[in-house]
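Visitor: Could you take me through one part of this protein up close? I'd like to hear about the inside, and how the rest fits around it.

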Amino acid sequence: MSKPKICIISFSDLTIDARVNRQTKAAIPMGSVTSLAFTKSPIRNIKSIILEQKKNILQKIFFLLSLLVHHYEEFYWSQSIIQESIRKLENCDFDIFVANDLDTLPLAIYFAGKYKSKVFFDAHEYAPLEFDNRWYWKYLHQPFREHLCRQYLKQVNVMTTVCNGIAEKYKEEYQLHPYVILNSPEYQEIKYQPISSQNNIRLIHHGNASPDRNLEKMVEIMPDLETRFELHFMLLGNPKYIQKLKILSNKIAPNRVFFHAPVQTTMICRTLSRYDLGVYLLEPLGFNYTYAMPNKLFDFIMAGLCVAIAPSLEMKKIVEDYQCGVVAKDFSPQSLAKVINALSIEEINAKKRASLEAAKVLNAEIEGQKIQKILKDLLKS
């Protein structure tokens with residue numbers, strides 16, 4: 001008997017897309033897996049179909065006009081990436097299509113209808129409000145995303161997202177009941193590393209260097225932090241923005257902020273474990289930022305760090321439930337500095353231990369079991 005065939009679609013770079021890679025690993029025991037993405041999957045024992053990333057100014061103008069006049073279906077199906085995907089998946093009969101993010105969902109439903117397959121939709125975040133802090137996006141893209149949701153969400157067989165707040169929003173707006181799959185990394189046995197020097201306590205933040213995230217706010221905690229603390233960044237992409245952060249750091253906290261080259265995804269947690277506190281101040285500048293549940297929170301926990309965050313709703317629940325860090329009273333740099341300053345060496349070390357305990361529950365193996373059950377149920381139905 002042949003194995004069930006599963007196609008995982010993601011319009012992303014799989015060399016850095018941790019969520020999709022964990023999803024792929026979970027799917028391997030359930031059948032024969034193929035990925036469709038911008039890059040070859042780093043996961044062994046699967047087939048990769050690679051898409052080209054084409055940039056055409058005339059096509060962009062056409063897409064803009066299509067959005068302006070609300071020709072949403074024409075806009076979607078005329079995109080070169082959709083047409084290329086259709087060509088490359090033609091005559092590929094899969095049992096399950098896993099669609100990552102809303103951009104891939106109509107495509108997955110098209111093929112599911114053609115081959116009488118099932119659709120597993122991982123929405124990740126709340127698609128209609130992805131960049132709702134940008135006026136042009138709200139005017140052009142939000143109505144398009146809302147159209148796709150109204151048109152296609154009702155056709156999915158099962159749906160997942162990253163946290164309860166976003167799941168509730170999909171339930172409220174579209175009467176759906178998504179499962180929650182956390183963005184937690186693979187479990188690693190990382191040794192407890194207590195603070196070695198009370199005069200050199202190291203904070204770390206890692207991730208994309210995105211101006212939308214206002215990383216300046218984390219630099220701005222430094223003037224209010226006691227001199228026993230120093231801040232380290234390990235950032236990806238956007239060299240101009242990283243340079244801007246360096247200039248700000250030298251201006252307001254000279255010799256206390258350090259920048260490091262990023263490491264491979266598989267090395268992130270072990271690299272982080274050399275530090276003491278994982279820090280993140282993310283202002284709630286839109287719906288998805290308000291309910292953010294990012295990879296980095298779980299990376300901090302897996303690495304055995306004391307977590308220090310602003311009161312982001314979903315992250316706060318995790319930190320408080322597992323007693324693995326501190327939460328500021330508001331989103332100001334001063335408030336976050338205050339709760340960090342109040343930590344003793346003994347408290348930081350206790351929270352580092354609590355993170356290592358929490359990591360035994362908050363890991364990709366546990367979340368992967370949820371994915372495998374979803375796939376198993378789809379294959380049975």
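**A close look at the core**

Guide: Let's start with Phe97, bearing in mind that this is a predicted model. Leaving aside residues up to four places away in sequence, Phe97 touches Cys7, Ile9, Leu89, Cys92, Ala108, Phe111, Ala112, Tyr115, Ser117, Lys118, Val119 and Phe120. Phe97 sits in the largest nonpolar core, a set of 116 residues, where Phe97, Leu105 and Ile221 are the ones that touch the most other members. The top contributor to this core is helix α5, residues 105-115, with seven residues. There is also a second core, separate from that one, with 19 residues, including Ile6, Met30, Val98 and Phe120. So nonpolar side chains gathering away from the surface fits a general habit: in soluble globular proteins they tend to be buried together.

Helix α14, spanning residues 333-341, is worth a stop too. Its buried residues are Pro333, Ser335, Leu336, Ala337, Ile340 and Asn341. Among the elements covering them are the strands β8 (201-208), β9 (229-236), β11 (277-280) and β12 (306-309), along with helix α8 (216-219).

Now step back to the whole chain. It has 16 helices and 13 strands, and 56% of its 381 residues are buried. Take the contacts with a separation of 6 or more: 69% of them join residues 24 or more positions apart. The radius of gyration is 22 Å, which agrees with the value near 21 Å that a compact globule of 381 residues would have. Along the principal axes, the C-alpha atoms fill a box of roughly 65 × 50 × 35 Å.

Not everything nonpolar is tucked away, though. The accessible surface comes to about 17900 Å², and carbon and sulfur atoms hold 52% of it. One spot to look at is a nonpolar surface patch formed by Ile57, Leu58, Ile61, Leu64, Leu65, Leu68, Val69, Trp135, Tyr136 and Tyr139, with about 1100 Å² of accessible area together. Both α2 (57-68) and α6 (135-152) supply at least two residues of the patch, and α2 gives the most, with six. Val69 lies in the loop between α2 and α3 (72-78). Is Val69 buried, exposed or partly exposed? With a relative accessible area of 49%, Val69 counts as partly exposed, because the exposed class begins over 50%.

How values were computed: Residues numbered from 1 in each chain as written. Predicted model: local features only at pLDDT ≥ 70, side-chain atom pairs only at ≥ 80, totals over all residues. Heavy atoms only, no water. Patch = residues over 30% accessible without salt bridge, like charges linked within 9 Å, V, L, I, M, F, W, Y side chains within 5 Å. Areas by Shrake-Rupley, 256 points an atom, 1.4 Å probe, with all protein chains shown as cover. Salt bridge = Lys/Arg side-chain N within 4 Å of Asp/Glu carboxyl O. Helix = DSSP H or I, 4+ residues; strand = E, 2+ residues; numbered from the N terminus. Buried < 20%, exposed > 50% of the residue type's maximum accessible area, 1.4 Å probe, protein only. Core = buried A, V, L, I, M, F, W, Y, C linked by side-chain atoms within 4.5 Å. Contact = heavy atoms within 4.5 Å. Rg over C-alpha atoms; globule rule 2.2 N^0.38 Å.
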